[in-house]
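Open the model in your viewer and show side chains as sticks. We will go from one selection to the next.

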Amino acid sequence: MALTEKQTQELHTTIEQRRTALLAELREDAERVHKDRFEDLAGTAPDPGDESVATLIGDLNHADMGRDLSELRNLEAARERLADGSYGTCMECGGDIAFERLRVNPAAARCIDCQSNYEKTHASPSSLPGSSL
Ligand SMILES: [Zn+2]
């Protein structure tokens, strides 16, 4: 069943709120990275050990930002679909995405069936649920 206007409005609000929160997080992350870099530059002759820890922290920060950035990109795509009227339609099969699914993940671009199919074909073995490791 296609989304009602009320449901679309509710999801729109959720997307806007999530997007605002994400942007705030990313801004904080970016400030932290800048601050770290500044402290690196201001530090007195760091030895190679300190430098590798700083690099690691930098990489972790970037990894965090990467996750947030990809979520932000998904939200931006969802906003575009809201604007052009294709929101709530599965990008794979063209079917309707269930409202309950969109409530949990408003940036979802695939219906449940296509998403589980996608995860089966794209998931890395280490992240499969039920792994004996
Ligand atoms: Zn589908």
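Which residues does Tyr87 touch, not counting residues up to four places away in sequence? Keep in mind that this is a predicted model. Select Tyr87 and show its surroundings. Tyr87 touches Leu3, Leu11, Ile15, Ala78, Arg81, Leu82, Leu102 and Pro106.

Next, widen the selection to the core. The largest nonpolar core has 20 residues. Tyr87 is among those with the most contacts inside it, together with Leu3, Leu11, Ile15 and Leu102. Colour helix 1 (5-42), helix 2 (48-84) and helix 3 (99-104): these elements give two or more residues each to this core. In soluble globular proteins, nonpolar side chains tend to be buried together.

Now select the zinc ion. Four sulfur atoms coordinate the zinc ion at 2.3 Å: the SG atoms of Cys90, Cys93, Cys111 and Cys114. Check the angles between the donors. They run from 104 to 116°, so the arrangement is tetrahedral. Along the chain, the donors follow the spacing C-x2-C-x17-C-x2-C. Pick out Cys90 and Cys114, which link distant parts of the chain, 24 residues apart. Cys90 lies in the loop between helix 2 and helix 3, while Cys114 belongs to helix 4 (residues 112-122).

Turn on the surface and go through the four cysteines. Cys90 and Cys114 are both buried. Cys111 is buried too, with a relative accessible area of 11%. Cys93 counts as partly exposed because its relative accessibility is 48%.

Last stop: look for disulfides. The structure holds zero.

Methods:
Residues are numbered from 1 along each chain as its sequence is written. This is a predicted model: local features need pLDDT of at least 70, side-chain atom pairs count only at pLDDT 80 or more; totals for chains, interfaces and linings use all residues. Side-chain values use heavy atoms; hydrogens and water are left out. A nonpolar core is a set of buried Ala, Val, Leu, Ile, Met, Phe, Trp, Tyr and Cys residues joined through side-chain atoms within 4.5 Å. Buried means under 20% relative accessible area, exposed over 50%, partly exposed in between (1.4 Å probe, protein chains only). Helices (H or I, at least four residues) and strands (E, at least two) are DSSP runs, numbered from the N terminus. Contact means heavy atoms within 4.5 Å. Donors are N, O and S atoms within 2.8 Å of the metal (3.2 Å for Na, K and Ca); water is not among the atoms, so sites may look incomplete. Four donors count as tetrahedral if all angles lie between 85 and 135 degrees; four count as square planar and six as octahedral if opposite donors are over 155 degrees apart and all others between 65 and 115; anything else is irregular. A disulfide is a pair of cysteine sulfur atoms within 2.5 Å.
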